[in-house]
Amino acid sequence: MIRPDKAAFRDAMSRLGAAVNIITTDGPAGRAGFTASAVCSVTDSPPTLLICLNRSASVWPVFTAHRHLCVNTLAAGQQDLALRFGGKTPMEERFAAARWNDGVDGCPRLEGALLSCDCQVSQVVNVGTHDILFCTINAITRNDDSHGLVWFDRTWHPLPGIGQPLPGIPG
Ligand SMILES: NC(=O)c1ccc[n+]([C@@H]2O[C@H](COP(=O)([O-])OP(=O)(O)OC[C@H]3O[C@@H](n4cnc5c(N)ncnc54)[C@H](O)[C@@H]3O)[C@@H](O)[C@H]2O)c1
Ligand SMILES: Cc1cc2c(cc1C)N(C[C@H](O)[C@H](O)[C@H](O)COP(=O)(O)O)c1[nH]c(=O)[nH]c(=O)c1N2
């Protein structure tokens, strides 16, 4: 058994494979985006997901000022974007690395993403260092020709395409 200090907690969490997303927003406070793996389905009625955002992130004031955002789930081949949006890089350089379309609420939608969800923030709950943003989904854009991508054990793992099981594992 290991006492769950910060390092032990992170080591344990590194074993939870996760999709990685670029969360974007645009509006009066400007355009902003950050990388998030702490994204999760909450309920299908109404369609809701949650995002955990560290309140110390440079993007926090922008996401707090806006009520809309877009969750762009990275496809295999888009992993460089996760590092660009994962901190320290100036905002214009982050967005310059990819092509974007306007979502229904005006937030940047990533071209070629596995999935993009245009969302409205319905509720915010503070837990420790993070805000949990509960988001109602207004529109979904899917790209079924791309391959999935998982962050597991602090590195990338490409997945097969939609409807294609992993070799050796029955679907
Ligand atoms: N939820 C988050 O805020 C979160 C999640 C993943 C990564 N990150 C950040 O990305 C960078 C690279 O992360 P990594 O996965 O290579 O190694 P890491 O050792 O920093 O993190 C391992 C795992 O611990 C969890 N984690 C990390 N920082 C956290 C935080 N502040 N709050 C809650 N959970 C956290 C995540 O599940 C992460 O995959 C780090 O700076 C990390 O803080 C933050
Ligand atoms: C793979 C991966 C996954 C995550 C992150 C990073 C990386 C590389 N980061 C960190 C987050 O992207 C970073 O803090 C923001 O970009 C803000 O950085 P700046 O404060 O703008 O430099 C992150 N932050 C957060 O608040 N919630 C999350 O779920 C994640 N997940």
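**Exercise 1. Overall architecture**

How many helices and how many strands are there in the protein? Describe, in addition, the overall dimensions of this predicted model.

*Solution.* Step one is the count of secondary structure elements, which gives four helices and eleven strands. Step two concerns the extent of the chain: along its principal axes the C-alpha trace spans about 50 × 45 × 35 Å. Step three sets the radius of gyration against expectation; a compact globule of 171 residues would have a value near 16 Å, and because the protein has 16 Å, the two agree. Step four turns to packing, where buried residues make up 26% of the 171 residues, and where, among contacts between residues at least 6 apart in sequence, 63% join residues at least 24 apart.

**Exercise 2. The annotated domain**

Determine which residues UniProt assigns to the feature "domain: Flavin reductase like", and give the helix and strand content of that segment.

*Solution.* The UniProt record, an unreviewed entry, places this feature at residues 13-158. Over residues 13-158 the chain is 13% helix and 49% strand, while the C-alpha atoms at the two ends are 19 Å apart.

**Exercise 3. The β3 to β4 hairpin**

Work out how β3 and β4 are paired and connected, and establish whether the residues of β3 are buried.

*Solution.* Begin with the pairing: β3 and β4 run antiparallel and are joined by five bridges, one of which can be located by its residues, since C40 has L50 in β4 as its bridge partner. The connection comes next, and here a hairpin leads from β3 to β4 through two residues. The loop between β3 (39-44) and β4 contains P46, and the peptide bond that joins S45 and P46 is cis, with omega about 0°. As a point of reference, most peptide bonds are trans. For burial, the criterion is 20 or more other C-beta atoms within 10 Å of a residue's own; of the six residues of β3 the number buried is zero, so the strand lies largely in the open.

**Exercise 4. Positive phi between β10 and β11**

Find the place of D153 and R154 in the chain, give the phi of each residue, and decide whether each is buried or exposed.

*Solution.* D153 lies in the loop between β10 (147-152) and β11 (155-161), and R154 also lies in the loop between β10 and β11. The phi of D153 is near 60°, a positive value in a residue other than glycine, and R154, likewise not a glycine, has a positive phi of about 60°. By way of background, most residues other than glycine have a negative phi. The last step applies the threshold for exposure, which is 12 or fewer other C-beta atoms within 10 Å: D153 has 12 such atoms and is therefore exposed, and R154 has 8 and is therefore exposed.

**Exercise 5. The two ligand shells**

Describe the surroundings of ligand 1 and of ligand 2 by residue, by element and by residue class.

*Solution.* Around ligand 1 are R10, M13, S14, S37, A38, C52, N54, G86 and R154. The elements that give two or more residues to this shell are α1 (6-13) and β4 (47-54), and by class the shell around ligand 1 has three nonpolar, four polar and two charged residues. Ligand 2 is surrounded by 18 residues, the closest being A38, N54, S58, G86 and G87. To the shell around ligand 2, β2 (32-36) and β4 each supply at least two residues, and its members divide into eleven nonpolar, six polar and one charged. Comparing the lists, A38, N54 and G86 appear in the surroundings of both ligands.

Key: Residues are numbered from 1 along each chain as its sequence is written. Chains are lettered from A and ligands numbered from 1 in the order in which they are written. This is a predicted model: local features need pLDDT of at least 70, side-chain atom pairs count only at pLDDT 80 or more; totals for chains, interfaces and linings use all residues. The radius of gyration is taken over C-alpha atoms; the globule rule is 2.2 Å times the number of residues to the power 0.38. Two residues are in contact if their C-beta atoms, placed from the backbone, lie within 7 Å. UniProt positions are given in the numbering used here, feature names are shortened, and annotations may be inferred rather than shown by experiment. A residue is near a molecule or strand if its C-beta atom, placed from the backbone, lies within 6 Å of it. Ala, Val, Leu, Ile, Met, Phe, Trp, Tyr, Cys and Pro count as nonpolar, Asp, Glu, Lys and Arg as charged, and the others, Gly among them, as polar. Two strands pair if DSSP finds at least two bridges between them.
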